[in-house]
Amino acid sequence: MGITPTQSSTLPPTTTRMSRKWFGRVVIGITFICLSSTLSIRFYSEPRLAIGTFVDQDLRSPKTIVATDIEATKQAQELAKQQVVPIFRSNPEIDASAAKHLEELLKVGDDLRQSSGNLPYVDRKILSDEVQRYLRRTSEQEWSQLQEKVNKLTASSGNQLITSASFLNQEQEISSLALAELSLYKSNGGVTDYQNLILKITEVRKAYTITQEKSAKGPEMFRDRLLDMTNEEWENIKTLIRQALTDIQSSGLVVGFPDNLLQKRLANLKNLPTNDAQRAMAIALLSTTVKPNLSIDYVGTTERAIKASESVQPQRIALKAGDLIVKGGQKITEKQFVILDELKMTQRQVNLKGLLLMIGSTAIAFAIFGYANRRWQYLLKVKLHVKDFMTLGVVCIGNALATVLMAPNMLVFVPLASMGLIIGSFYSSRLALLITCLTSALLAIALSADLVTLSPIIIGTIVAAAITNRPLTRSHLAATGLLVALVQAAAYTAIAIIGGSAPPVLIAITALQYASGGLISAILALGAIPYLEHISYALTPFRLAELANLDRPLLRRLVTETPGTFQHTLFVANLAEAAARELGADTTLVRTGTLYHDIGKTLRPEYFIENQMGQPNPHDVLNDPWRSAQIVKEHVSGGIKLAQKYHLPELLQAFIPEHQGTIAISYFYCQAQKRSNYVVESEFRYVGPIPQSRETGVVMLADACEAALRSLGTETTLEEAKNLLMRIFKARWDDGQLKDCSLSWEDLDRIAPVFIKVWQERNHGRIKYPHLAEKLDPSGSALPDHLCSYKNTEARQDQPLPPQKIALK
């Protein structure tokens, strides 16, 4: 991206150059002082007697004091963490799975009961439930003997059986009871009804036998109890089991709950059937279907533990004057350091070596940046203005200050990646990568004790800088923030696993914290960019897209007041954008800058031929080449004033004077020479400056070639078109207009074919219709009959009849 005229057209060149030079030095100096001061904070009051320092003599307390016992405090904090009650989280999906499992088992039970013949399978007035159970499960031999006994009994007793049967009671054996009930029904119901009953019992027996074979292979709890239940008992037990499962799952079961305790809990349930067999089956069903649904919420538990740890009051230790703190010949521990520091015995002072190291490192970083900015501008794809140095200084100092202040406790949340996102959005990924690496190196020196903690953040920052290259949409920055979050979390996880000292839960929580730092970076960058655009000379593609909106006041004025100039502007924009893309220049900047390059023509649109629309040329009426040249030049100076009035950014204002440079207004210059021998050439040249960037240089060439390309007919060959363009390019080259914009002659040779291609796309061929058809129907879809001729009559007959009438509108 090209950024910058180095001087303004509204100020004297020498004064402007000197003022910018000194202002730039002041900006760089202030940035150096602020950055080195920020990074050197820890060296201003660094203890000589730090942790791990070897002492050669005893250190005793000079006075009585109650000091902080850091070791006891840590032990108390660790104990508070261990005593925290875990937080459990219920999983509704497990509850649903348990309920589904129960319903599947109950469906198996329903199917088995259905296939065996539900109980009762005959009316209870005929046979009791116990008899019906007995008749299903009795053997074939016993069933045959029972039928013979019934026949003999009914044949010999007759009606006497009716009387004697009423005295039967439930205490008799089940076989005798079955004999009595069958005999009674045969005697009272008749032979036909009795035979139907026997057939029904026989069918049920067969089904029962088959079902028993199936149940033997099915769930164990159904093998001995299920088929002996009545329909009412089965429906009741299903209801009770469902409710019991809901109650158990609602009360919660933790993972790893002992099985013996679970069986006791099930056995003590009050809402199960009272019948022992049925209760046993219900417990068996519940044992199979109940599932642990409580799992430890490790994040919540860890947060509770951290809060408990933080709530622990510092443990104190009483020292009397003369008590030994550190024995000579030993190293200072953390506990001893805290006590010494409270007694102000750590001998804090300015660390001159560290301070000089930090200042020297910052100076080296500035030197590297300065050399790169001066020597590698083409590689960095940027040419910095003084205001850009201010922006870079604000970004670097802000990030450095945040990092230093948040270290070490809040270091994981540092939004350092916002530096790469912001610089990459304004300039280029290469410049962002350079500044990010230099700043990261300085931070590594400043925070050497926390380098391991800082490493994932540095990695995320470098990734953000590498992939942020003037993105066209803000959503790209948001997506990059997500990527940085993942990179920082992954980098920390890898470091923690290699180190192997942290538990998995703590690794996961810290990784999330690093990830949140990446997201905060994107949010901070998106929020800061609109404000930094008011400081910076460069503009982000987001801002350029907003300024290219035709509803902006200046552009709306260009469209409505100077339609001819607007059409000229669009063609120049297409040419310049295509050329910029070919050269790898900033296409967004070129297109937006081109839209504003001729806004000065809105002040006097009638003096420019594209807006005259067949009207008399005011220059002919004026008949004064000096005055006409002055009016033409005023479209540049007036355009600058309009841009300043409407607060157009300086970067775009540069396109207004630089697209004309200092070229001569040849037509009026020649007219003046015909009238006078004393013509001052400078009076017929634009004030300038000449193009200072590749972008404004490309617009100058596009503006110069636009009229020439419009004048070419469709019969013009590509060679003729290229020769014409190269003559125009050579005229600008020989006039010295392109010497400051980094365009080479090879670049011009690449631009010419691009201009020709855009011209060809604009002037594509069209079918030529007969003259009369153009008057009647420009599309040529309907032609008068007398214009159509045919070679012979047959061809005439083969063609569809033309319309007889043509409606004119």
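**Aromatic groupings and helix packing in a predicted model**

Trp-626, Tyr-669 and Phe-684 come together in one aromatic cluster. The structure described here is a predicted model. Across the whole structure, a search identifies 9 aromatic pairs. One of these is formed by Phe-426 and Tyr-427, whose rings adopt a tilted arrangement, with 6.0 Å centre to centre and 35 degrees between the planes. Both Phe-426 and Tyr-427 are buried. An aromatic ring also meets a charged group at Trp-22, where the charged end of Arg-25 sits over the ring, 4.8 Å from its centre.

The protein contains 35 helices and 8 strands. Of its 809 residues, 44% are buried. Among contacts between residues at least 6 apart in sequence, 78% link residues that are at least 24 apart. The exposed surface of the protein amounts to about 42,800 Å², and 56% of this area is supplied by carbon and sulfur atoms.

Helix α23, which spans residues 553-561, illustrates how buried positions are arranged within one element. In this helix, Leu-554, Leu-555 and Leu-558 are buried. Viewed down the axis of α23, the buried residues fall within an arc of 95 degrees, and they therefore line one face of the helix. An α-helix has 3.6 residues a turn, so residues three or four places apart point the same way. The cover over the buried residues of α23 includes α22 (541-547), α24 (563-583), α25 (587-596) and α27 (625-645).

Methods:
Residues are numbered from 1 along each chain as its sequence is written. This is a predicted model: local features need pLDDT of at least 70, side-chain atom pairs count only at pLDDT 80 or more; totals for chains, interfaces and linings use all residues. Side-chain values use heavy atoms; hydrogens and water are left out. Helices (H or I, at least four residues) and strands (E, at least two) are DSSP runs, numbered from the N terminus. Buried means under 20% relative accessible area, exposed over 50%, partly exposed in between (1.4 Å probe, protein chains only). Contact means heavy atoms within 4.5 Å. Accessible areas come from the Shrake-Rupley method with a 1.4 Å probe; for residues, only the protein chains shown count as cover. The arc is that of the directions from the helix axis to the C-beta atoms. Rings of Phe, Tyr and Trp (its six-membered ring) pair if their centres lie within 6.5 Å; planes under 30 degrees apart count as stacked, over 60 as edge-to-face and the rest as tilted. A charge sits over a ring if NZ of Lys or CZ of Arg is within 6 Å of the ring centre and within 35 degrees of the ring normal.
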